[in-house]
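The following exercises concern one protein chain. Each task is followed by a solution in steps.

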Amino acid sequence: MDWARFAQRLASLARDLLAQESVDATLARITDSATELVEGCDAAGILVVRGKEVRTLAPTEQLVVDSDRLQERLGEGPCFDVARDENAERVYRIRDFTQEQPGWPEFAPRAHRLGVGSMMGFLLYTEDEELGALNIYSRRPGAFTEASELAGWLLASHAAVAFSSARTQAQLEQAVATRHLIGEAMGILMGCHHLTEEQAFDVLRRYSQENNIKLREVARRVCEQGPLS
């Protein structure tokens, strides 16, 4: 492993990640970088677990999606261990899927049949019972070394910062857009029904609660279709 070259590429990546224009673009850059920077990596993706529900983000190959779906279907796998146990390892390396894996007796042989030879995973975040992890795959057993694990951990550390920043920015942008949408809807109600701002907002809020529709969606409906009936 040429660590000097790796450090240069990682520094360039850190700047590149923070320059991405969206969360999706940031995630795609993270997983693409895994295949470029981590020796032995054939595919990568970000798995998000909430309860028993699994989502796959920015997969570089179908193998990643198939592996994540398998974990979801079985309710078993390394990411589920991290999600369920606060004391579980935040970094894992499964060296050889051709060998028995007592921790995942159903997942391991089926993952091998999908084409997984070895695998690593790195925690990106935990938030409100939601887990995000960067998963790195090789089709070859024994492909990942201690150097590969260190490279993956360094990449994941940078990725976690960039991911958090992108998520925060996206949430702020959504909050501003939602506030603008609600303000526009209130203006429509105030003009049509001669309401005060407080009364107009109360109309939106009550409709949201009574119909179990998010306030943002109620406001969008007013803006697109006119006053609520």
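A salt bridge is a side-chain nitrogen of Lys or Arg within 4 Å of a carboxyl oxygen of Asp or Glu. The model is predicted: local features need pLDDT of at least 70, side-chain atom pairs count only at pLDDT 80 or more, and totals for chains, interfaces and linings use all residues. Residues are numbered from 1 along each chain as its sequence is written, and side-chain values use heavy atoms, with hydrogens and water left out.

**Exercise 1. The overall fold**

Determine how many helices and strands the protein has, and state the pattern they follow along the sequence.

Step 1. Helices (H or I, at least four residues) and strands (E, at least two) are DSSP runs, numbered from the N terminus.

Step 2. The protein has eight helices and five strands.

Step 3. Along the sequence, the pattern is α-α-β-β-α-α-β-α-β-β-α-α-α.

Step 4. Of the 229 residues, 41% are buried; buried means under 20% relative accessible area, exposed over 50%, and partly exposed in between (1.4 Å probe, protein chains only).

Step 5. Among contacts (heavy atoms within 4.5 Å) with a separation of 6 or more, 59% involve residues 24 or more positions apart.

**Exercise 2. Salt bridges**

State how many salt bridges the structure holds, and describe the pairs formed by Arg69, Arg206 and Arg216.

Step 1. The structure holds nine salt bridges. Side chains of opposite charge can pair when their charged atoms come close.

Step 2. Arg69 pairs with Glu72, and their closest N and O atoms are 3.1 Å apart. Both residues belong to helix H3 (residues 62–74), where they are three residues apart, about one turn of the helix. Arg69 is partly exposed at 26% relative accessibility, and Glu72 is partly exposed at 28%.

Step 3. Arg206 meets Asp202 in a salt bridge with an N to O distance of 2.4 Å. Because the two residues are four apart in helix H7 (residues 197–211), about one helical turn separates Arg206 from Asp202. Arg206 is partly exposed at 36% relative accessibility, as is Asp202 at 23%.

Step 4. Arg216 forms a salt bridge with Glu217, with 3.5 Å between the closest N and O atoms. Arg216 has 25% relative accessibility and counts as partly exposed; Glu217, at 33%, is also partly exposed.

Step 5. Asp202, Arg205 and Arg206 are joined into one network by salt bridges that share partners.

**Exercise 3. Two packed helices**

Describe how H7 and helix H8 (residues 215–225) pack, and name the residues that make the contact.

Step 1. Two packed helices are described by the angle between their axes and the distance between the axes. Axes are lines fitted to C-alpha atoms, for helices over the stretch in contact, and angles run from 0 to 180 degrees between N-to-C directions.

Step 2. H7 and H8 pack at an angle of about 115 degrees, and their axes are 9 Å apart.

Step 3. H7 contributes Phe201, Leu204, Arg205, Tyr207 and Ser208 to the contact, while H8 contributes Leu215, Val218, Arg221 and Val222.

Step 4. The contact has six nonpolar, one polar and two charged residues. In this classification, Ala, Val, Leu, Ile, Met, Phe, Trp, Tyr, Cys and Pro count as nonpolar, Asp, Glu, Lys and Arg as charged, and the others, Gly among them, as polar.

**Exercise 4. The largest nonpolar core**

Identify the residues that touch the most other members of the largest nonpolar core, and the element that gives the most to this core.

Step 1. A nonpolar core is a set of buried Ala, Val, Leu, Ile, Met, Phe, Trp, Tyr and Cys residues joined through side-chain atoms within 4.5 Å.

Step 2. The largest core has 27 residues, of which Leu124, Leu134, Ile136 and Leu155 touch the most other members.

Step 3. The elements that each supply at least two residues of this core include helix H1 (3–18), strand S4 (118–127) and helix H6 (146–193). H6 gives the most, with six residues.

Step 4. Another core lies apart from this one; its 21 residues include Phe80, Phe107, Ala108 and Leu131.

**Exercise 5. Contacts of Leu114**

Which residues are in contact with Leu114, leaving aside its neighbours within four places in sequence?

Step 1. Leu114 lies in helix H5 (residues 107–114) and is partly exposed at 37% relative accessibility.

Step 2. Leu114 is in contact with Leu63, Asp66, Ser67 and Leu70, its neighbours within four places in sequence being left aside.

Step 3. Leu114 and Ser67 are 47 residues apart in sequence, yet 7.4 Å apart in space, C-alpha to C-alpha.
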